[in-house]
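Here are some notes to read with the model open beside you. I have set them out as numbered points, so feel free to take them one at a time.

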Amino acid sequence: QLQLVESGGGLVQPGGSLRLSCAASGFTLDRYPIGWFRQAPGKDSEGVSCISRNGYSIHYADSVKGRFTISRDNAKNTVYLQMNSLKPEDTAVYYCAADRITNVPDACGMMNTPYGYWGQGTQVTVSS
């Protein structure tokens, strides 16, 4: 069974840091572009970051540029999202997803449509 499991969320103060992990089981994660998305209550899902299969193409939402870093560790079959300088507006459920459509090694995107595998999310709360 193909599954993605997020972990690493929690409660932090503004300015603090968290590292989210996205672990894959049942498939090899390096065969897919990976995206991180987040959704706050009452708001639409927002693409946060993505990384291509070979790690060369990386994108970030404007709201997180300079603060978040995406990376992948093929040996551990895991993708990470390092989040620094956290702000209250970063509070959301964070999801990782694997793109089943975009197969070229140098591309990734932050629209939901190509992503066929989704984790169940991990809560990130940044207190004011």
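**Notes on the cores, strands and aromatic pairs**

1. Let's begin with the inside. The largest nonpolar core has 29 residues, and the members that touch the most others are L4, W36, L81, M83 and Y94. Several strands feed this core: β3 (18-25), β4, β5 (46-51), β7, β8, β9 and β11 each supply at least two residues. There is also a second, separate core of 5 residues, which includes F37, C50, A97 and Y115. Please keep in mind that this is a predicted model.

2. L81 is a good place to click on in your viewer. Setting aside neighbours within four places in sequence, L81 is in contact with L18, R19, L20, W36, V48, S49, F68, T69, I70 and Y94. Among these partners, W36 and Y94 also appear with L81 in the group of core residues that touch the most other members.

3. Next, the open sheet. It has 4 strands in the order β1-β3-β8-β7, with antiparallel pairing. At the edges are β1 (3-7) and β7 (68-73), each of which pairs on one side only. From one strand to the next, the twist averages 15 degrees.

4. Within that sheet, you can follow the pairing of β7 with β8 (residues 78-83), an antiparallel pair joined by 6 bridges. To find the register, start from S71, whose bridge partner in β8 is Y80. As general background, strands of a sheet pair through backbone hydrogen bonds, either parallel or antiparallel.

5. Strand β9 (residues 92-99) deserves a point of its own. How many of its 8 residues are buried? The count is 6, so to speak mostly covered. β9 runs antiparallel to β4 (residues 34-39), with 6 bridges between the two strands, and in this pairing F37 has Y95 as its bridge partner.

6. β9 has further pairings to trace. With β11 (residues 122-126), β9 pairs in the antiparallel sense over 3 bridges, and V93 is matched there with Q123. With β10 (residues 115-118), the pairing is again antiparallel over 3 bridges, and D99 stands opposite Y115.

7. Now for the rings. The model has 6 aromatic pairs. One of them is F27 with Y32, an edge-to-face pair at 5.4 Å centre to centre, with 85 degrees between the planes. F27 and Y32 are both buried. Together with Y117, these two residues form one aromatic cluster.

8. Another pair to look at is F37 with W118, which is tilted: the centres are 4.9 Å apart, with 45 degrees between the planes. This pair links distant parts of the chain, since F37 sits in β4 and W118 in β10, 81 residues apart. Are these two rings' residues buried or partly exposed? F37 counts as buried because its relative accessibility is 1%, under the 20% cut-off. W118 counts as partly exposed because its relative accessibility is 34%, which lies between the 20% and 50% limits.

9. If you have time for one residue, F37 ties several of these points together. F37 belongs to the second core, has Y95 as its bridge partner in β9, and forms the tilted pair with W118.

Terms used. Residues numbered from 1 in each chain as written. Predicted model: local features only at pLDDT ≥ 70, side-chain atom pairs only at ≥ 80, totals over all residues. Heavy atoms only, no water. Buried < 20%, exposed > 50% of the residue type's maximum accessible area, 1.4 Å probe, protein only. Pairing = 2+ DSSP bridges. Axes fitted to C-alpha atoms, helices over the stretch in contact; angles between N-to-C directions. Phe/Tyr/Trp six-rings, centres within 6.5 Å; stacked < 30°, edge-to-face > 60°. Core = buried A, V, L, I, M, F, W, Y, C linked by side-chain atoms within 4.5 Å. Contact = heavy atoms within 4.5 Å.
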